[in-house]
Amino acid sequence: MSSSEHDWRSAVSSLDRYENIQKLKAAIEASDPANTSAQKEAFSKENEAYKSSSSLEDYNAVCSAPSDPQQPPASPPFHPNLGDKQDDDAPSSPGITIGSYHDCHHVAGGVTAEVYRAQARALKVITETRDIAPHDPFREAKILAALSSGSSKASHTIPLLETFRDQEQRFVLVFPYMPLTLESLLARREPVTRAQTRRIFGDLFGALQDLHAQGIIHRDIKPSAVLLESPDGPAYLSDFGTAWHPKLSLVTEPADGKILDIGTGPYRAPEVLFGDKSYGPPVDMWGAGAMLAECCRHPPRSLFESRAAHEDGNQLGLILSIFQTIGSPKRESWPEAAHFRTPPFEMYRAFDVREWPEILPDVEPPWRDLVSALVKYDSGRASASDAIEFLSSKCT
């Protein structure tokens, strides 16, 4: 199987998946107007196609196939307006009711939750609560509630508006609806301007500075977790389902015994890959640095390659990609790694250290310098405060 076949899911954004669900729903309703569960059937069919298809072509074929070949093609899907969250952006097809929210439309899904849009609100409906560590929606709600109010209020984390139990007793978190993510912006394959990058990452580093000052580690920094009001920002950090809190997490995850199964794909920090259960806020900064490099490249593309989580060897593949890209770590340059559960020395093929001008040849020196301060093995990785200062003084 080719690399492109391995990686086709990374090219499918949440908006793409939403569009396909709407296509399937329209086709189901066209063939059976009395069907009251078309939304669920469409979601199930798209989700199965996403999981089981071997290529993007196979996935699109399933999502484009009408339920009844005698019926006309589905009507064009709904596209959220990129800068306006008014009622006239709403899809024409009726949505479902969740608690007191009516006309809710499915936007995205994950391992433990489904996200719906209800006009200017986003509803995160928790669908799985059994044996899902480190996912914890109740801890997520407590962290976000604390970050949304009081003296510890964080200005660039997505505010939690309320929580409730719906008709099926599922836990629901309510947020302001944001029409874009950094993931959907990058999926356009168009250059992200330096002005956009400065604004988005200034907001992201501000959010991380607030979190880290309180000892909180986000643990899943990735483009889909950065929500945008518009392509130019402002940006808000979301997706706190796996976040570690110095008080709320201690019973299940002591500070020196944290879960290692955290992070997503090419944004996972190397200390986690090598078994350091005492990791801290620097894991977030590595993920932010990998995203920054992706935004600075033309066209945008990941700094590291990572197979899908369900594929065998995905972790070893990511380790190999990191080593090939920036070089293998040495005992002298990463001494603390000697105490990890699986030290990254001798066991792996050694690759020569590469200089950043070679890694990012088309990126201007100040931006490249910031990436290099974040994407590094040792404990000298830049903090959120360091990144804010560098961004404001050097990346003008």
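# Exercises on a predicted model

By the salt-bridge rule, the count in this chain comes to 11. Keep in mind that the model is a predicted one. Let's work through it.

## Exercise 1: Follow one salt bridge

Find out which parts of the chain are tied together by the salt bridge between K124 and D239.

Solution.

Step 1. Start with the atoms: the side chains of K124 and D239 meet in a salt bridge, with 3.8 Å from N to O.

Step 2. Now place the two ends. K124 sits in strand β4, residues 121–126, while D239 belongs to the loop between β9 (235–237) and α8 (270–273), so this pair ties together parts that are 115 residues apart in sequence.

Step 3. Check how covered each end is. K124 has a relative accessible area of 13%, so it falls under the 20% cut-off and is buried. D239 comes out at 27%, which makes it partly exposed.

## Exercise 2: Add another partner

D239 also forms a salt bridge with K222. Work out where K222 lies, and which residues end up in the network.

Solution.

Step 1. The closest N and O atoms of K222 and D239 are 3.4 Å apart.

Step 2. K222 is in the loop between α7 (194–213) and β8 (226–228), and D239 is in the loop between β9 and α8, so here the parts tied together are 17 residues apart in sequence.

Step 3. K222 counts as buried, at 13% relative accessibility.

Step 4. Put the shared partners together: salt bridges join K124, E140, D220, K222 and D239 into one network.

For another salt bridge to look up, try R354 and E358, whose closest N and O atoms are 3.3 Å apart. R354 is partly exposed, with a relative accessible area of 27%.

## Exercise 3: Look at the backbone

Describe the phi angles of Q169 and D239 and say where each residue lies.

Solution.

Step 1. Start from the usual case: most residues other than glycine have a negative phi, and most peptide bonds are trans.

Step 2. Q169 isn't a glycine, yet its phi is positive, near 65 degrees. You'll find Q169 in the loop between β5 (162–165) and β6 (171–176). Its relative accessible area is 53%, so Q169 passes the 50% cut-off and is exposed.

Step 3. D239, the salt-bridge partner from before, has a positive phi of about 65 degrees too, although D239 is not a glycine. Its place is the loop between β9 and α8.

Step 4. Now for the peptide bonds. G233 and P234 are joined by a cis peptide bond, with omega at about -5 degrees; P234 lies in the loop between β8 and β9. Another cis bond joins H298 and P299, again with omega of about -5 degrees, and P299 lies in the loop between α9 (282–296) and α10.

## Exercise 4: Track contacts along the chain

Take C395 and P329, and list what each one touches beyond its neighbours within four places in sequence.

Solution.

Step 1. C395 is in the segment after α13 (384–393). At 1% relative accessibility, C395 counts as buried.

Step 2. Its contacts are R198, P366, W367, L370 and F390. Pick out R198: along the chain, C395 and R198 are 197 residues apart, but their C-alpha atoms are separated by 7.5 Å.

Step 3. P329 lies in the loop between α10 (314–326) and α11 (356–359), and P329 is buried at 5% relative accessibility. P329 is in contact with F323, W334, P344, F345 and Y377. Between P329 and F345 there are 7.3 Å from C-alpha to C-alpha, with a separation of 16 residues in sequence.

Step 4. Step back to the whole chain. Of the contacts with a separation of 6 or more, 64% come from residues 24 or more positions apart. Buried residues make up 48% of the 396 residues.

## Exercise 5: Look inside

What is the volume of the second largest cavity, and which residues line it?

Solution.

Step 1. Count first: there are two cavities of 30 Å³ or more.

Step 2. The second largest cavity has a volume of about 80 Å³.

Step 3. Its lining consists of R219, D220, I221, I262, G263, T264, Y267, R268, A269, V272, V283 and D284. D220 is also one of the residues in the salt-bridge network from Exercise 2.

Step 4. Sort the lining by class, and you get six nonpolar, two polar and four charged residues.

Key:
Residues are numbered from 1 along each chain as its sequence is written. This is a predicted model: local features need pLDDT of at least 70, side-chain atom pairs count only at pLDDT 80 or more; totals for chains, interfaces and linings use all residues. Side-chain values use heavy atoms; hydrogens and water are left out. On a 1 Å grid over the protein atoms alone, a cavity is a set of points where a 1.4 Å probe fits but cannot get out, and a pocket is an open set with protein on both sides within 12 Å along at least five of seven lines; lining residues have an atom within 4 Å of a point. Grid points are joined across faces, edges and corners, and a volume is the space filled by probe spheres set on the points. Ala, Val, Leu, Ile, Met, Phe, Trp, Tyr, Cys and Pro count as nonpolar, Asp, Glu, Lys and Arg as charged, and the others, Gly among them, as polar. A salt bridge is a side-chain nitrogen of Lys or Arg within 4 Å of a carboxyl oxygen of Asp or Glu. Helices (H or I, at least four residues) and strands (E, at least two) are DSSP runs, numbered from the N terminus. Buried means under 20% relative accessible area, exposed over 50%, partly exposed in between (1.4 Å probe, protein chains only). Contact means heavy atoms within 4.5 Å.
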